[in-house]
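Visitor: I should like to learn how to read the features of a protein model. May we go through one together?

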Protein chains: 2
Amino acid sequence: MKRLPIVSCLSAMLAVALASGRAQAAGETAGGPAALVAPRIGTGGPGHTFPGATVPFGMIQPSPDTAMPDFHHAYDWAGGYQYNDPTIMGFSHTHFSGAGHSDLGDVLLMPISGDVRMEPGDPAKPQSGYRSRFRHATEIEHPGYYAVTLDDYAIRAELTAGPRVGWHRYMFPADKPAHVLLDLRPSIYDYPGKVLWTRLRVRADGTVTGCRTTRGWAPGRTLCFAMRFSRPTTARMLYNRETNVPYRGFRGPGNAPTDQTVQNGRAVEAVFDFGKLNGPLEVKVAISPVSETNAIANLDAEGQGWDFDARHADATAAWNRALSVIEASGTPDQQTQFYTALYHAMLAPTLSMDTNGDYRGPDQEIHKARGFGFYSTWSTWDVYRAQQPLMALLRPDMSTQFVRSLIAAQQASPVGVLPVWSYQGLETWCMTGYHAVPIIADAYLAGVRGFDADAALNAMVASATSPVYGDLTDYIKLGYVPIDKEAEAGSKTLEYAYDDWSLARMARAMGKTHIAEEFEKRAGNWRNEWDPKTGFLRARLSTGAFHTPFDPTAAAYGSDYTEGNAWQYLWFVPQDVPGLIATIGGNATFIAKLDELFDTKVDPAQFKNVEDISGLIGWYAHGNEPSHHIAYLYDYAGAPWKTQQRLRQIMESQYNAHPDGLAGNDDLGQTSAWYLFTALGFYPVAPGSNDYTIGRPFLSKAVIHLPHGRTFTMTADHLDADHPYVASVTLNGKPQDLLHLRHADILKGGALHFVMQAQPKQP
Amino acid sequence: MKRLPIVSCLSAMLAVALASGRAQAAGETAGGPAALVAPRIGTGGPGHTFPGATVPFGMIQPSPDTAMPDFHHAYDWAGGYQYNDPTIMGFSHTHFSGAGHSDLGDVLLMPISGDVRMEPGDPAKPQSGYRSRFRHATEIEHPGYYAVTLDDYAIRAELTAGPRVGWHRYMFPADKPAHVLLDLRPSIYDYPGKVLWTRLRVRADGTVTGCRTTRGWAPGRTLCFAMRFSRPTTARMLYNRETNVPYRGFRGPGNAPTDQTVQNGRAVEAVFDFGKLNGPLEVKVAISPVSETNAIANLDAEGQGWDFDARHADATAAWNRALSVIEASGTPDQQTQFYTALYHAMLAPTLSMDTNGDYRGPDQEIHKARGFGFYSTWSTWDVYRAQQPLMALLRPDMSTQFVRSLIAAQQASPVGVLPVWSYQGLETWCMTGYHAVPIIADAYLAGVRGFDADAALNAMVASATSPVYGDLTDYIKLGYVPIDKEAEAGSKTLEYAYDDWSLARMARAMGKTHIAEEFEKRAGNWRNEWDPKTGFLRARLSTGAFHTPFDPTAAAYGSDYTEGNAWQYLWFVPQDVPGLIATIGGNATFIAKLDELFDTKVDPAQFKNVEDISGLIGWYAHGNEPSHHIAYLYDYAGAPWKTQQRLRQIMESQYNAHPDGLAGNDDLGQTSAWYLFTALGFYPVAPGSNDYTIGRPFLSKAVIHLPHGRTFTMTADHLDADHPYVASVTLNGKPQDLLHLRHADILKGGALHFVMQAQPKQP
């Protein structure tokens, strides 16, 4: 991928903003950290981020979509947008940030000048459909704001967002009739038959409402919306473009070709006409996972009337507040990367509750949140590692909401378990483990409160003993998941054992000794996979024998490991790294094996069938989460300079300030959270431990604003390319252990000081 | 159709009830009018009634289904059951009574002993599927109770119902494993793809819940349910039997072949195993148009624990209370026919509201009923004629609820209009006119109160001026519906004019002079269709010219008239019969033309493409509603003896006490209501007029119990087959006008006395 200059785009953005007078309207933007964010990072390559507008943890993400291919070919378009694409097909309102599997792309709008085409058309054939060519030079992206010129229509389109409402402003050419097309057919990870039902309605006051039920990643998902235009329509047409419907019922609104009040079916589209316009058209769209009525209430709650600039200023202010939690010093590129990572780490979980407190649970029923906000979009397999621990540190207020949301979801679960990969309240069962358990445990042990800890522990135990997780029944019986009964048993055993350990930690802290003992025992189950002969953690059969044939380099979906091979999963004992080192054979063997991991020459084609494995350094795959803690493990074996060296290698090869600046899926902020912790000089190798492991900093200074007005400051002397190694670390002036930077010490406030040097500091 | 002896079946029923000791349990049954009802009437031929269990205006109708064919071939199975069928495929929980188009058949249960087959199988091939042969001799039907023996399984199955809960009791053979199959795939008026989505869940306490969304008569209809068994299951299997699903998402409960907790998809089935049983298994099923949560609440509200006999006694008591509104004397067959008609006239509108007041509106959104019960199942084109006027007379308390429900539906309508043909809150747009208007007007003028009359009038005016009704726009402009713009314009003009008249009547009574004047003018629009040349009311083109070619005998769906020809619609001016007589040419011409209507020799094959037109006497078609008032029109032309003669002709040829005892669809009680009024000696020719037209009685005595403890008694002297003509009629001893038996006079209580004679009483 050709890297394009983000920084110059940011300058262009500021220039445009100043020229249009919007910098004034956006008020707090000037000088705030939001201006440093480049949402374009990760929109190219495997990052899967989206460039559009949203607010921190917001429910709605209006963003341009360049393509929504069939799910067989959709991986690159998981965020709806791929940087190298030549056209935009429209602006839909729901997007995941950096997911490795996807859905959404709901309520697609496309402003059109002149003739209206009803199909998106072929990107390779300009004007074959309603999609439009665009140039990156016309794009402006900053947190809560996106703009682009749709060249085929000469339309300037801007987007901003509130928590539940997306705001559009379209400037049409004055000499052509203006239209807005609403296409309720396509969605991300599409396929024929995915839309189960759609209803659409234009109310007497002009409000357009509807709901669509799809059969995607979360089967049977219904999303409703309410939309208003700032100008009256001159005409409208509502279509159901289905063919071959055996039974259409009786003629009436929605089934009469001439009625333009309601429409329903499985291929609903609408065109709203505005005639020739001399000024901008604004559109506001609220969504609700519950009902049209709630969508209207959401729309009403976030701003009557029409003031796109004010809403843009609100969004910018929200981001400046959120991003101000850390003051980071560094080069311009470092600041861009750091604040973009912080931005990306604050996009999920997303609000999934209407203004009246209604939310949809995993049972598909409507529930009322009392005293908390219900958040969903849980990529737990990813975010338990660093993104959620980061929020527990920076935003314990949000962490409380997240934990309460997890408990609420468990209580509404048809099978009584915590979320795995869920969004809009619904479960997808994607990925392995019960990693909501370490999310809660880590938050609790990090001092996050404001939730019912007993209910939380109940939910955790219910999950950690439920047969719905891949053969947990045999795991409990045998101490490992047998590969003859359950695919990916090798990694599942390891993940369960870690999750169990985190549960035990919380039970122990709560004084629940019996629970703690039971799960402390299970935490050692990783040992059941150790094969001294090959030196790997391996899947066993029900008989106890190891699964053969065994190739430690082999990886495939449904193999012995989840999105990985034996090399990558050898390190997955975060709860007991010393035990792992001893098992492998002591520090020297451990370090040698780590070096082999990073230094083996590996052909990336090796993983061509496992698209999530990317960002290779040897077998190390930074583009996927199982590797994320590995570089820090040298510390445990007494070779911190090797951790420091690998971190530099990763930071330099796997991140940059360009559209392809993420070497793998951002995975709802996990890959960005890794960057943030690492840049600050420490990382949560074992969430739930209360400890961070120290690596090396990449910023000269960072000030974390903690609750209660405290600050925790990281400073680094002599930090530059020529001084990549840590000479010394002190906490409040005292020498600091590299393996136990205690969360509690950070919370007290204080100063972590690094002195860097040119050479490795060997013992 | 071979007529089977109902009376002997009733005797058998009483014998069985006594033998089993259930007469004791059913308590109030003995001697009550419920015992006189034969729900089997209308289950054969075109009646389309169902034989199952329900309570007055109840939400749920558990009933046996003999077949659910593709909608192309489903007309005969609109009630799910056809008397001549040899097998029962199961017991579903929702049925229309006597509809001419259909849907429903939700939540189909089949008890099975021994091996389980998963497909219903071919009725012609015994044991090719799960359906079972049965014999009518084993059937017992009475209001609120149904029983049958499933011969292929040797299972005795009984059904009863509360307002929202259906109760089953199955006696399995002791030597074979007992199962209950739940098939969520089929429905009445089926077709491939009709089921849009189904979810199914077994909760920790064993409660089975789910929702199904179908694309049938009311598109996108969701019905939820909650079910409990009186015994624990020994095993269960939940299936989604879809094939060719392009995308199935990730493995998890509902997508794992081994999980038996949740299931979803478009072809969901489940089998519940109970092992060998020595006593009965009871099953209770609640439905909700809103949610599983509400279905559970409905289930809880109608009886904890297990006491089928008590629930049966409750249902019987409810029917005895409801049917006691009239004490009818007559022959056993007359009593059976009369009370069965009264039973059929009290099956709709049906409750469509959960115990917490939630209901689904025509906007598909959830609303809360405050201070009233929300009722749906509105076949307005049919029931405005006699069934709703009968309820306004007998059950003004229910009429209040019905009118409030109509207003609530209008207020929630996406297009702001009153129901046309709606059920479970949703609109189908089936049939013509805005006949909720005369329903409300008639109730208001009949003295029904307890609703907001201004809101009602607003709803009526909104409907009578809405462009959503077939070309009402041109009707308002031109004074008729032009046939070049709108099919069936000939009858639509006539229906609109009548509806307009009823609206004017209510407006006039409310002192809304401007509205009254506007609609009084529109009430005369029938005159715009008069063609003096042919002597018929004919459709015109927009130009004003009559539509040609014209054949007064022609009838086809989408022709000039709705389910009728020019002969049948010539009489549709109920609001101004004197005006029609004058227009046709005076009494003699009018009578001659009426005679021609009845006496012409007509080949029923004439209407083979319009299946609703049945019950022919000449061109007169008692099997369809447009004819229902016609026999009474002789009265207006000074020939009451001809009315009396035709009524006898109709009563004797169109009704009997056998399964084929209805000559046409019962249409949610309209055909039965005609029978009831006619048997009592009077009929509402023009609902909204406040007047009944007197025909002749068919009962020797009937006492109507009115509100406030008053009674209105009809007696007939010399009533027998040899005295079919009225000699005299007196009201409270005074001679009574045949055209103006005032509703108000009935409400006062009193005595209507007929003296019959052998010969016509000519002037």
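Guide: We shall consider the interface, then one helix, then one residue. This is a predicted model, in which local features need pLDDT of at least 70 and side-chain atom pairs count only at pLDDT 80 or more, while totals for chains, interfaces and linings use all residues. Residues are numbered from 1 along each chain as its sequence is written, chains are lettered from A in the order in which they are written, and side-chain values use heavy atoms, without hydrogens and water.

Visitor: What is the area buried between chain A and chain B?

Guide: The size of an interface is often given as the accessible area lost when the parts come together. With a 1.4 Å probe and summed over both parts, the area here is about 3,700 Å², and carbon and sulfur atoms give 57% of that.

Visitor: How many salt bridges does the rule find across this interface?

Guide: A salt bridge is a side-chain nitrogen of Lys or Arg within 4 Å of a carboxyl oxygen of Asp or Glu. The rule finds four between chain A and chain B. Arg215(A) forms one with Glu242(B), with the closest N and O atoms 2.5 Å apart.

Visitor: Is α4(B) mostly covered or uncovered?

Guide: Buried means under 20% relative accessible area with a 1.4 Å probe, protein chains only. In α4(B), 12 of the 16 residues are buried, including Phe308(B) and Trp319(B); the helix is thus mostly covered.

Visitor: Where is Ala369(A) found?

Guide: Ala369(A) is in the loop between β21 (366-368) and β22 (375-376) of chain A. Ala369(A) counts as buried because its relative accessibility is 11%.

Definitions and conventions. Helix = DSSP H or I, 4+ residues; strand = E, 2+ residues; numbered from the N terminus. Buried < 20%, exposed > 50% of the residue type's maximum accessible area, 1.4 Å probe, protein only. Buried area = accessible area lost by both parts, 1.4 Å probe.
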